[in-house]
Every structure is written in C-alpha cells, then in structure tokens.
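Student: I would like to go through this structure by asking, for each label, what makes it apply. Could we set each value against its definition?

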Amino acid sequence: MVLQVERAVVAYDGRPVLDGVSLTVHAGEVVAVLGANGSGKSTLVKAAMGLAPLTAGEVRLFGTPLRRFRGWHRIGYVPQRVGAGSGVPATVAEVVAEGRLARRGFLRPASTADRRAVAEALDAVGLAERAREPVSVLSGGQQQRVLIARALAGGPELLVLDEPTAGVDAVSQELFAGCLQRFVTYGGTVVFVAHELGPLRPLITRAVVVSRGEIVHDGAPPAIDNDHVHPHAATA
C-alpha cells in the first residue's frame with residue numbers, strides 16, 4: 001500500500017471541504033482525481049501530503065501514519081501551477097537540482113549521482129538543451145515541465161501532481177504523458193488531479209470523482225473529458 005486516506009475530514013472556516021473521504025492507492029497504479037471546481041479534489045491530495053490539516057481521520061504513506069512519516073525522498077509532489085523560479089533568479093538545472101535535497105540534505109555538495117539524476121530528469125521532460133537557461137525565459141508549459149523534472153530528480157516511488165496540465169500547451173502535455181509512462185513502466189505510482197485527461201487517459205488505471213467533498217465514483221474514468229459526474233456515480 002502506497003497511500004491510504006481513512007475517513008478524512010478537512011474544514012476551512014468551519015465549512016467541511018472533505019467529509020469522511022477514504023482512498024487507497026496501491027503500487028503501480030495511476031489514479032486520476034477528478035471533479036468540478038470546489039469539489040474538494042485538490043484538498044484531497046493536499047491532505048494526503050500533509051498540506052491541509054485533518055479535522056478527523058488519518059493518512060498513511062507507505063504504511064506509516066503521516067505524523068510519523070519521514071521518507072519524503074520517496075515522494076515527488078508538484079503543486080498547482082506556479083512559476084518555477086518562484087521569483088528567484090535560477091537556471092533550469094538549478095531548479096531541478098532542488099529535487100535532490102530530500103535525499104542528500106542541504107549541507108552535502110552535489111554528487112555525481114545527483115548530477116546524473118538531474119540530467120536524466122531534464123531529458124525525460126524534453127528540456128535537456130535548456131538546462132543552463134534562466135527559468136524565467138521559459139513558457140508556462142515549459143516551466144511546468146521543470147517542476148515535474150524537479151519531482152522526478154529525487155527518484156520518487158510516488159508522484160503526486162495537482163492539475164499538472166492546466167493551462168499547458170499540447171506539446172508539453174504529450175511530453176508529460178510520455179514521461180509518466182516511463183515512470184510507471186519502471187514501477188512508479190501516480191496520483192494526479194485533473195480537469196481534463198487528454199493524452200493522460202491511456203495511462204489511467206482508476207479514476208476517482210469527488211463531488212461536494214465526497215468520493216462519488218472510484219473505478220473507470222469518465223467516457224469524455226469534463227464529465228466530472230461519472231455516469232456510474234448517479235446512484236452513489
């Protein structure tokens with residue numbers, strides 16, 4: 001078991017956003033979390049990462065309760081789209097190298113293995129030739145690929161991505177899909193939030209549809225994009 005969320009409740013200003021949600025993800029799965037704006041889908045993955053505090057319930061990562069989990073190098077997390085440079089002048093390679101910090105620590109210098117991991121991550125997202133360029137000169141889709149490369153550089157077992165293709169150009173989406181396919185082929189597990197599946201659809205093993213803070217479907221993905229209320233969820 002890679003991720004287990006049990007009866008999770010999250011409330012903002014006293015208003016429940018997740019209401020007793022349970023979700024289990026096993027190794028090798030690619031799980032798409034779908035739902036309309038405000039449904040609670042992003043809150044679900046944030047709660048799984050400890051970024052949204054639980055009012056009730058529990059999260060376990062690799063079998064360990066979240067409050068005791070320390071193996072963050074096993075997880076690569078990409079939040080909702082933000083500027084990859086975060087306002088700080090940095091090259092593409094420097095941003096991607098941040099993904100190695102959870103493994104080597106802040107005080108140890110980069111090793112040959114660290115540099116190789118950064119190069120491989122950049123190659124995986126199609127940005128190897130842009131490594132020395134400032135992140136600020138890249139397009140929005142390219143910056144998103146930098147963030148994905150940063151997550152991959154750490155050599156994670158689980159990738160958690162919050163709307164990784166939102167506002168991203170078609171070329172970047174195709175490259176991202178290929179990158180995820182390779183990650184899963186080598187044994188990785190993926191959980192990602194999405195509005196539209198696009199080129200990611202063939203990779204998905206399960207779709208979880210969230211509506212009004214509850215999971216209303218857990219199974220096959222909707223037949224078409226933007227069908228956030230899965231037809232099988234009508235009786236849920």
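Student: What makes β7 and β8 a pair, and in which sense do they run?

Tutor: Two strands pair if DSSP finds at least two bridges between them, and strand β7 (residues 158-162) is joined to β8 over five bridges in the parallel sense, so the pairing rule of at least two bridges is met. Within β8, V190 stands opposite L159. The strands themselves are DSSP runs (E, at least two residues), as helices are (H or I, at least four), numbered from the N terminus. This is a predicted model, in which local features need pLDDT of at least 70 and side-chain atom pairs count only at pLDDT 80 or more, while totals for chains, interfaces and linings use all residues. Residues are numbered from 1 along each chain as its sequence is written, and side-chain values use heavy atoms, with hydrogens and water left out.

Student: Which other strand is joined to β8, and how many bridges are there?

Tutor: Strand β3 (residues 30-34) runs parallel to β8 and is joined to it by five bridges, and V33 stands opposite V193 in β8.

Student: Why is β8 called largely enclosed?

Tutor: Buried means under 20% relative accessible area, exposed over 50%, and partly exposed in between, with a 1.4 Å probe and protein chains only. Six of the six residues of β8 are buried, so the strand is largely enclosed by the rest of the structure. T189, V191 and V193 point one way from the strand, V190, F192 and A194 point the other way, and all are buried.

Student: How do you know that T189 is buried, and what does T189 touch?

Tutor: T189 has 1% relative accessibility and therefore counts as buried. Contact means heavy atoms within 4.5 Å, and, not counting residues up to four places away in sequence, T189 touches V2, V25, H26, A27, G28, E29, E157, L158, L159 and F183.

Student: Why is G76 called buried, and which residues are in contact with G76?

Tutor: G76, which lies in strand β6 (residues 75-78), has 3% relative accessibility and so counts as buried. Leaving aside neighbours within four places in sequence, G76 is in contact with A151, P156, L158, L159 and V160. The C-alpha atoms of G76 and V160 are separated by 6.2 Å, although these residues are 84 apart along the chain.

Student: What makes a space a cavity, and how many are counted here?

Tutor: On a 1 Å grid over the protein atoms alone, a cavity is a set of points where a 1.4 Å probe fits but cannot get out, and lining residues have an atom within 4 Å of a point. Grid points are joined across faces, edges and corners, and a volume is the space filled by probe spheres set on the points. By this rule there are three cavities of 30 Å³ or more, and the largest holds about 50 Å³ of space.

Student: Which residues line the largest cavity, and how do they divide into nonpolar, polar and charged?

Tutor: The lining consists of L3, V5, L23, V33, L44, V45, A48, V160 and V191. Ala, Val, Leu, Ile, Met, Phe, Trp, Tyr, Cys and Pro count as nonpolar, Asp, Glu, Lys and Arg as charged, and the others, Gly among them, as polar; set against this, the lining divides into nine nonpolar, no polar and no charged residues. The largest share of the lining, three residues, comes from α1.

Student: Why is α1 called largely enclosed?

Tutor: Seven of the eight residues of α1 are buried, so the helix is largely enclosed by the rest of the structure; the buried residues are K41, S42, T43, L44, V45, A47 and A48. Just after α1, G50 takes a positive phi of about 80 degrees.

Student: What makes β2 and β5 edge strands?

Tutor: Four strands form an open sheet in the order β2-β1-β4-β5, with antiparallel pairing. β2 (15-25) and β5 (64-65) each have a single partner strand, so one side of each is left without a neighbour in the sheet. Eight bridges join β1 to β2, and the bridge partner of V10 in β2 is L18.

Student: Where does F62 lie, and is it buried or exposed?

Tutor: F62 lies in the loop between β4 (56-61) and β5, and with a relative accessible area of 17% F62 is buried. F62 has a positive phi of about 50 degrees although it is not a glycine.

Terms used: On a 1 Å grid over the protein atoms alone, a cavity is a set of points where a 1.4 Å probe fits but cannot get out, and a pocket is an open set with protein on both sides within 12 Å along at least five of seven lines; lining residues have an atom within 4 Å of a point.
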